[in-house]
Amino acid sequence: MDAIPLALDGYLTAEPVPGDRDGTVCWRLSCSAGTDHMAEEAIIPCTTMEPEIAHALLTERQPGDLLRVTGHLALPQTAGGVIQVHVDTLEVLWEAPLLDEEENEDGGNTATVADPDADRNSAIAALAEALTSLGHQAAPGPEQSVRIYLSPTVALGTDSEHCHSINLTPARAHQLADAIDALNCQLDDGRPEGDVVLDPQTVADLTDLFDDIDLLDLTRTVLTATRPENRPAVTRAMDDMFGDAPAPDDTDR
């Protein structure tokens, strides 16, 4: 049976391994139909004989990476055979964060001492990159955008290289809100069995979103839109959500 041309996006489920034939590499992608139903996800075996792809998979890629592959889908000749994608090209859409583990001198795994600033900054960078990509898919028009700020929780004027401003269309903002709601539902479910596969792009988007919120601007906007008699209650609610929310001097104007 002829091979079928195919383009596929999916997450690397495990470390790629050399194939049975010299120069080949095998791996599996977890692919989704784009809904919240786990039954619509599939694990697709892939293989390649392209030297550059094989080298990248064995030396650079890790489980959780979001990959786009193109090639040909080979259907099995028998009912007991295996469907497999023979990959001709590979593109990395998103890189999973590196694991903070290394081999110690005795051969055991020990967690490295995490650098809080480095971890925070990498999270900001990942979220900013994801939100920027989300915004570029549908560029906002004049006066039609939702602006999201990302920055470390430090004094204003410091760590400016880690500050980002991203514009989204209202439609994209609604989609992001829906994705957050779906993530909250998944966390509340607390599934005891099976792995919940989260879209790395969504995870990065959420990280950028929350790390870059400017509480001062947020508080000013909310209190300005609130009737004066309701502002004390709204301020207390924001304090409960974000901690001690700043009180802008110009919210009474």
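Visitor: Let me start with one side chain: is Y11 buried or exposed?

Guide: Y11 is buried, because its relative accessibility is 14%. Buried stands for under 20% relative accessible area, exposed for over 50%, and partly exposed for what lies in between, with a 1.4 Å probe and protein chains only. Y11 sits in strand β1. Its C-alpha atom is 9.3 Å from that of I43, although 32 residues separate the two along the chain. Before we go on: this is a predicted model, in which local features need pLDDT of at least 70 and side-chain atom pairs count only at pLDDT 80 or more, while totals for chains, interfaces and linings use all residues. Residues are numbered from 1 along each chain as its sequence is written, and side-chain values use heavy atoms, leaving out hydrogens and water.

Visitor: What is the mean pLDDT of the protein chain?

Guide: pLDDT is the predictor's confidence in each residue, from 0 to 100. The chain has a mean of 75, and 72% of its residues reach 70 or more. Two stretches call for care. Residues 34-39 stay under 50, and the model gives them four contacts beyond four places in sequence. Contact means heavy atoms within 4.5 Å. Residues 101-106 are also below 50, with nine contacts beyond near neighbours in sequence. Where pLDDT is low, predicted coordinates should not be read in detail.

Visitor: How many helices and strands are there in the protein chain?

Guide: Six helices and 10 strands. They are DSSP runs numbered from the N terminus: H or I over at least four residues for helices, E over at least two for strands. Of the chain's 253 residues, 26% count as buried. Among contacts between residues at least 6 apart in sequence, 61% link residues at least 24 apart.

Visitor: Which residues touch the most other members in the largest nonpolar core?

Guide: A nonpolar core is a set of buried Ala, Val, Leu, Ile, Met, Phe, Trp, Tyr and Cys residues joined through side-chain atoms within 4.5 Å. The largest one has 16 residues, and L8, W27, L29, V85 and V87 touch the most other members. Two or more residues come from each of β1 (4-12), β3 (25-32), β4 (41-48), α1 (51-59), β5 (66-74) and β6 (84-94). β3 gives the largest share, four residues. Apart from this core lies another of 12 residues, including I124, I166, L168 and L176. Back in the larger set, take W27: beyond its neighbours within four places in sequence, W27 contacts I44, C46, L57, V69 and V87, among others.

Visitor: Why do the buried residues of α1 line one face of the helix?

Guide: An α-helix has 3.6 residues a turn, so residues three or four places apart point the same way. In α1, the buried residues are I53, A54, A56 and L57. Viewed down the axis, they fall within an arc of 165°, so they line one face. That arc is taken from the directions from the helix axis to the C-beta atoms. On the other side of α1, P51 and E52 are exposed.

Visitor: How many disulfides does the structure hold?

Guide: Zero. A disulfide is counted when two cysteine sulfur atoms lie within 2.5 Å. For C31, the nearest cysteine sulfur is that of C46, 6.9 Å away. That is too far for a bond. Both cysteines are buried, C31 at 8% relative accessibility and C46 at 1%.

Visitor: Where is N121?

Guide: N121 lies in helix α2, residues 116-136. N121 is buried, as its relative accessible area is 16%. Outside its neighbours within four places in sequence, N121 contacts P152 and H162.

Visitor: And which loop is the place of D214?

Guide: D214 is in the loop between α4 (200-211) and α5 (215-224). At 25% relative accessibility, D214 is partly exposed. Y149 is 65 residues from D214 in sequence, yet their C-alpha atoms are 5.8 Å apart. The loop between α5 and α6 (231-242) holds T226. T226 is buried, at 14% relative accessibility. Not counting residues up to four places away in sequence, T226 touches R231 and V234.
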